[in-house]
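Trainee: I would like to go through this model with you. Where should we begin?

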Amino acid sequence: MLVNMMSFLSPALKLENLPSQPSMNLDHLSEEKRYNKNNIVAKWCAPINGKMYRIELEHGTTSGKRMVWVNGKEVIRRDWMFKLVGEDTFYIDQIRCIIRVDPAPGFKYEYSLFIDGKPHDQYTEEQTKQYRLWLTTIDNIEYRIMLELDTLNLYINDVLRQETAEFVDGGTDTVIQENGIEFILQARSSGNKLSGIVHTLLANHVEIPEAKIQEIMQEPCSILST
């Protein structure tokens, strides 16, 4: 991810909006107030252990500040760093993650994310083959349903559900009640050895189209509320 460091200067920036005294750190602010989407220079999205995570980086090229946020929660904060390039390591659900800042020509910086020792693109490409994802909004509530194919674990908005699949003609049905909505995950044989099992999700008996995880990854904020 290549970013021009000059592009993050807001055209609406005015002198009267700047603090009169420099702040050495942000300890006096609550985490909610420290998080500012306008300060984010790079962001990624990835499924880790059945849950979807949004990873964001702040990189202050004048202040030397570097902050890493995971789903809107601060996991790394470094103030007044003299070295603007380098690596930061953190863990998500016991999986090691590294954000690397490298210099690029033209006063730019390149931001890279590595998950479990793999570049973000490679990691997510491998992970998307292990999951099925459905997105829907019902009564103004967004639902993100993920099925892990290896374990058949089913997550609704990152919560692992414990419902047991029941055998029916041609396959199994897993029924989940959530906020008065009946979700049914149907598993049926495709009749083709190459295709294997076909999974279909119903919400109140209406089929929900399956989402394309690789496309969703390009717009992380669209599936994770801040």
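Trainee: About how much area does the chain expose, and what percentage of it do carbon and sulfur atoms supply?

Mentor: This is a predicted model, in which local features need pLDDT of at least 70 and side-chain atom pairs count only at pLDDT 80 or more, while totals for chains, interfaces and linings use all residues. Residues are numbered from 1 along each chain as its sequence is written, and side-chain values use heavy atoms, with hydrogens and water left out. Accessible areas come from the Shrake-Rupley method with a 1.4 Å probe, and for residues only the protein chains shown count as cover. The chain exposes about 13,700 Å², and the share supplied by carbon and sulfur atoms is 50%.

Trainee: How many helices and strands does the chain have?

Mentor: Both are DSSP runs numbered from the N terminus: helices are H or I with at least four residues, strands are E with at least two. By that rule the chain has 3 helices and 18 strands.

Trainee: What percentage of the residues is buried?

Mentor: Buried means under 20% relative accessible area, exposed means over 50%, and partly exposed lies in between (1.4 Å probe, protein chains only). The chain has 226 residues, and the buried share of them is 40%.

Trainee: Which strands stand at the edges of the open sheet of 4 strands?

Mentor: Two strands pair if DSSP finds at least two bridges between them. The order of this sheet is S2-S3-S4-S5, with antiparallel pairing. Each edge strand has a single partner strand, so one side of each is left without a neighbour in the sheet; these are S2 (40-48) and S5 (73-78).

Trainee: How many bridges join S2 to S3?

Mentor: S3 covers residues 51-59 and runs antiparallel to S2. Pro 47 stands opposite Met 52 in S3. The number of bridges joining S2 to S3 is 8.

Trainee: Which strand gives the most to the largest nonpolar core?

Mentor: A nonpolar core is a set of buried Ala, Val, Leu, Ile, Met, Phe, Trp, Tyr and Cys residues joined through side-chain atoms within 4.5 Å. The largest has 22 residues, and those with the most contacts inside it are Ile 55, Leu 57 and Phe 90. S2, S3, S4 (66-70), S6 (86-92), S7 (95-104) and S8 (108-115) each supply at least two residues of this core. With 5 residues, the strand that gives the most to this core is S2.

Trainee: How many residues are in the other core?

Mentor: Apart from the largest core lies another, which includes Ile 145, Leu 147, Phe 183 and Ile 208. Its residue count is 14.

Trainee: Phe 183 is in which strand, and at what relative accessibility does it count as buried?

Mentor: Contact means heavy atoms within 4.5 Å. Leaving out residues up to four places away in sequence, Phe 183 touches residues including Thr 136, Ile 156, Val 175 and Leu 202. Phe 183 is found in S16, and counts as buried because its relative accessibility is 2%.

Trainee: How many bridges join S16 to S15, and how many join S16 to S17?

Mentor: S16 (residues 181-189) runs antiparallel to S15 (residues 171-178), and Thr 174 stands opposite Leu 185 in S16. The hairpin of S15 and S16 has 2 residues between the strands, and Asn 179 takes a positive phi near 55° there. S16 also runs antiparallel to S17 (residues 197-203), where the bridge partner of Ile 184 is Leu 202. The count for S15 and S16 is 8, and for S16 and S17 it is 7.

Trainee: What separates the C-alpha atoms of Leu 201 and Ile 184?

Mentor: Leu 201 has its place in S17 and is buried, with a relative accessible area of 2%. Ile 184 is among its contacts beyond four places in sequence, as are Trp 134, Ile 145 and Phe 183. The two residues are 17 apart along the chain, and their C-alpha atoms are separated by 5.7 Å.

Trainee: How many disulfides does the structure hold?

Mentor: A disulfide is a pair of cysteine sulfur atoms within 2.5 Å. Cys 45 is buried, with a relative accessible area of 0%, and Cys 97 counts as buried at 0% relative accessibility. The number of disulfides in the structure is 0.
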